[in-house]
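Biologist: I'm new to this one, and I'd like to learn how to read the way helices pack. Could you walk me through it?

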Amino acid sequence: MVKLTFVAPDGSQTQIDAPEGTSVMKAAVANDVDGIVGECGGAMMCATCHCYVDEAWADRTGPREDGEDDMLEGAASEVTPLSRLSCQIKLTADLDGLVVHLPEEQL
Amino acid sequence: MALAPLDTEITLDQLTLDPYPIYRRLRAEAPVLRVASARRTFLTKAALTKLVKDDPILFSSDDPNTPMKPAFRAHTLMRKDGDAHLAERRAINPALTPKRINSDWGPLYEQLAADYIGRLPRGEVVDLFATLCGPLSARILAHILGIPEATDDEMQRWSQRLIDGAGNFGWRPEPFAASDEANDQMDALFARLAPQRIAEPDGSAFSVMLTAENPIPLSQIRANLKIAIGGGINEPRDAMATAIFGLLDKPEQLAEVKAKGAWSAAFEEAIRWVAPIQASSRLVTADTELGGFEIPKGETVMTIQASANRDEELFENGEDFFVFRDKNPHQSFGNGPHHCAGAHVARRTVGKIILPMLFDRFPNMTLPDRQAVQWRGFGFRGPINLPVVLN
């Protein structure tokens, strides 16, 4: 299991434990984290699992996947260099303690 | 393991008139059921419908042998999987993003909504389904697609003929004759407009697809536009009509929606309550198992998202329209690779522009007779009339 922290726009934090191999989006949905919708289930088709990777973790989560840039164009909130679709971030032991920030809105 | 039970009593007429009591029973008694009249295996629980949509390898959309192909005169992205689907989907996506909608198109949509709402008569019974929901949906879509030269009537007629053709599982000649005529008219319009959309790119779907760096073939550009016409009018129309009905039928909720500006929540609840697209088909590509029953390769399963949206495991009092639910994980836009490409457009136009504007212009709108509103549809569903008094 790896530890994962979601920071809402108002600063409130939600900490969860999630199994390795799952995605940040699936972990959020499974734990009822408000602010990650993940409507398409990880098919990179809806842009409702947008998150901002905490700066301290950006190197470790790696670059965006093929097609992710295009889909992020569809995100409801502002897209920054730290923006990712959380369905494309797979949890590994290396990401234990990962912090991601949630956008104002997903829909 | 056994095959799913076989039902020979449920009729398509029953499902068209009112499927919800049937789905409620099936969720409790037979969530995996082979329904003889539909020649499909119905899946009525949310976990199963989601599981199927999320696994496009095992549950394929790729089926060139449906009436959709003659109806659209094309094998469309709706019925493709993998890279073939992705290439065509990505070609149209840029025209449908929130950024495009908000920054480039928002003012136009506001204006169109204001025009159509502004011409509605006050103080008399008016059928909003026919005068607003259908025509405004058609007009907005015509602009998104880059074919505003088409009239509201043409857009709605083409859409209905494509739908009727695609649903012509009896392979009767008349629906295909009607869809052929619509295809001829659409193809002629596309051919006429293409040079302009290339010469003066305008961010519309047609323009974006034609001027892409590596454009998809013209035949597929046409097919994509037709899919959007067939699938982009009924849904916002029915979502709008359902939301208006729900709010007028529950004045205390309408008051709270107004007070809180909760129009988006009202939109989401409307499409949960009565999903404009109620059911979808997937072809089973390998022997598998669902809900404890054997599902053989070659079978067609039907995900009934209309039922998933009222699943007791996810929704308290799911049969009721209730805007202020804590969570609303409906499946009305589907999930998986075929997740509705128009979801962002629908949420913004219907939820954020049209509903608040309509109730602002007519703060004392009433539904004189809720029994007069008729609901129809098995595959697609919504009111087919909506008589209200505007004040």
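Modeller: Sure. Start with handedness: a crossing is right-handed if the near helix is turned clockwise from the far one by less than a right angle, and left-handed if anticlockwise. Keep in mind that this is a predicted model.

Biologist: Okay, so what crossing does α7(B) make as it passes α12(B)?

Modeller: A right-handed one. Helix α7 covers residues 128–145 of chain B and helix α12 covers residues 234–249 of chain B; their axes come within 8 Å and cross at roughly 140°. That angle makes α7(B) oblique to α12(B).

Biologist: Which residues make the contact there?

Modeller: From α7(B), look for B:Leu128, B:Phe129, B:Cys133, B:Gly134 and B:Ser137. Facing them from α12(B) are B:Pro236, B:Arg237, B:Met240, B:Ala241 and B:Ile244. By class, that gives seven nonpolar, two polar and one charged.

Biologist: And at what angle do α6(B) and α16(B) cross?

Modeller: Roughly 35°, with the axes of α6 (residues 98–118) and α16 (residues 343–361) coming within 10 Å. This crossing is right-handed too. Among the residues that meet are B:Tyr109 and B:Ala113 in α6(B), and B:Ile353 and B:Met357 in α16(B). The contact divides into eleven nonpolar, three polar and three charged residues.

Biologist: What about between chains: how many residues does the contact take from chain A and from chain B?

Modeller: In general, the size of an interface is often given as accessible area lost when the parts come together. Here let's just count residues: eleven come from chain A and 17 from chain B. On the chain A side, six are nonpolar, two polar and three charged.

Definitions and conventions:
Residues numbered from 1 in each chain as written. Chains lettered and ligands numbered in written order. Predicted model: local features only at pLDDT ≥ 70, side-chain atom pairs only at ≥ 80, totals over all residues. Axes fitted to C-alpha atoms, helices over the stretch in contact; angles between N-to-C directions. Helix = DSSP H or I, 4+ residues; strand = E, 2+ residues; numbered from the N terminus. Parallel < 35°, antiparallel > 145°, perpendicular 65-115°, else oblique. Contact = placed C-beta atoms within 7 Å. Nonpolar A, V, L, I, M, F, W, Y, C, P; charged D, E, K, R; others polar.
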